Amino acid sequence: MRLVDLTSIQEIESFIGSNPLSMLYVSQDDCNVCYAIYPKLKTMLNLYPKLALAHVDASQVEEITGRFLIFSVPTILVFLDGREYLREGRFVQFEQLKKQLQLLSDVV
């Protein structure tokens, strides 16, 4: 798993475009749920080496909320070949997410 922190819309667009299977984890500094989910997510993603993970702090990249229609954090966006494939918001269903990621990993 590759992990990067993105700080602009241009970096986000480039990241999505250059990785066949990518995930954006969008959070904010003042979000306790974000801090609880992120370590668990990173550990789980070690099972999917084809997946590229990027973290975006919505308070630093405010344009992300409008560009990707994000209304709450944390939000997880999964992209397949540059197109949004899956979205999880606020309360992440990890078992369901694992099943979806396994299907995607088999395709890529």
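Reader: What makes the place of Ser-8 a loop between β1 and α1?

Author: Ser-8 lies between strand β1 and helix α1 and belongs to neither. Helices and strands are DSSP runs, numbered from the N terminus (helices are H or I over at least four residues, strands are E over at least two). The model is predicted, so local features need pLDDT of at least 70 and side-chain atom pairs pLDDT 80 or more, while totals for chains, interfaces and linings use all residues. Residues are numbered from 1 along each chain as its sequence is written, and side-chain values use heavy atoms, with hydrogens and water left out.

Reader: Why does Ser-8 count as buried?

Author: Buried means under 20% relative accessible area, exposed means over 50%, and partly exposed lies in between (1.4 Å probe, protein chains only). Ser-8 has 18% relative accessibility, and therefore counts as buried. Its side chain reaches the backbone nitrogen of Glu-11 at 3.1 Å.

Reader: Why is Leu-3 called partly exposed, and Asp-5 exposed?

Author: Leu-3 has a relative accessible area of 39%, which places it in the partly exposed range. Asp-5 has 56%, so Asp-5 is exposed. Leu-3 is found in strand β1, residues 2-6, and Asp-5 is found in β1 too.

Reader: How do you know that Leu-3 touches Tyr-38, Lys-42 and Leu-53?

Author: A contact requires heavy atoms within 4.5 Å. By that rule Leu-3 touches Tyr-38, Lys-42 and Leu-53, with residues up to four places away in sequence not counted. The C-alpha atoms of Leu-3 and Ala-54 are 5.4 Å apart, although 51 residues separate the two along the chain. For the protein, among contacts between residues at least 6 apart in sequence, 67% join residues at least 24 apart.

Reader: What makes the link between the side chains of Asp-5 and His-55 a polar contact?

Author: A polar contact is a pair of N or O atoms within 3.5 Å; within protein, one must be able to donate a hydrogen and the other to accept it, and residues adjacent in sequence count only if both atoms are side-chain atoms. The side chains of Asp-5 and His-55 are joined at 3.1 Å, and this pair counts as a polar contact. Asp-5 also touches Glu-11.

Reader: Why is strand β3 described as largely enclosed by the rest of the structure?

Author: Six of the six residues of β3 (residues 52-57) are buried, and the strand is therefore largely enclosed. Side chains alternate between the two faces of the sheet in a regular strand. In β3, Ala-52, Ala-54 and Val-56 point one way, while Leu-53, His-55 and Asp-57 point the other way.

Reader: How do you know that β2 and β3 pair?

Author: Two strands pair if DSSP finds at least two bridges between them. Strand β2 (residues 21-27) and β3 have six bridges, in the parallel sense. One of the partnerships joins Val-26 to Val-56 in β3. From β2 the chain crosses through helix α2 (residues 32-45) to β3, and this β-α-β crossover is right-handed. A crossover earns that name if, with the strands pointing away from the viewer, the path from the first strand over the helix to the second runs clockwise.

Reader: What makes the link of Cys-31 to Cys-34 a disulfide?

Author: A disulfide is a covalent bond between the sulfur atoms of two cysteines. The rule asks for a pair of cysteine sulfur atoms within 2.5 Å. For Cys-31 and Cys-34 the S to S distance is 2.3 Å, and the pair qualifies. The count by this rule comes to one disulfide. With 85 degrees about the S-S bond, the link is right-handed. Cys-31, at a relative accessible area of 5%, is buried, and Cys-34, at 4%, is buried as well.

Reader: What makes Leu-69 and the peptide bond from Val-73 to Pro-74 worth naming?

Author: Most residues other than glycine have a negative phi, and most peptide bonds are trans. Leu-69 has a positive phi near 50 degrees and is not a glycine. The bond from Val-73 to Pro-74 is cis, with omega near -5 degrees. Pro-74 lies in the loop between α3 (63-67) and β4 (75-80), and the place of Leu-69 is in the loop between α3 and β4.

Reader: How do you know that the radius of gyration agrees with a compact globule?

Author: The radius of gyration is taken over C-alpha atoms, and the globule rule is 2.2 Å times the number of residues to the power 0.38. For 108 residues a compact globule would have a radius near 13 Å, and the protein has 13 Å, so the two agree.
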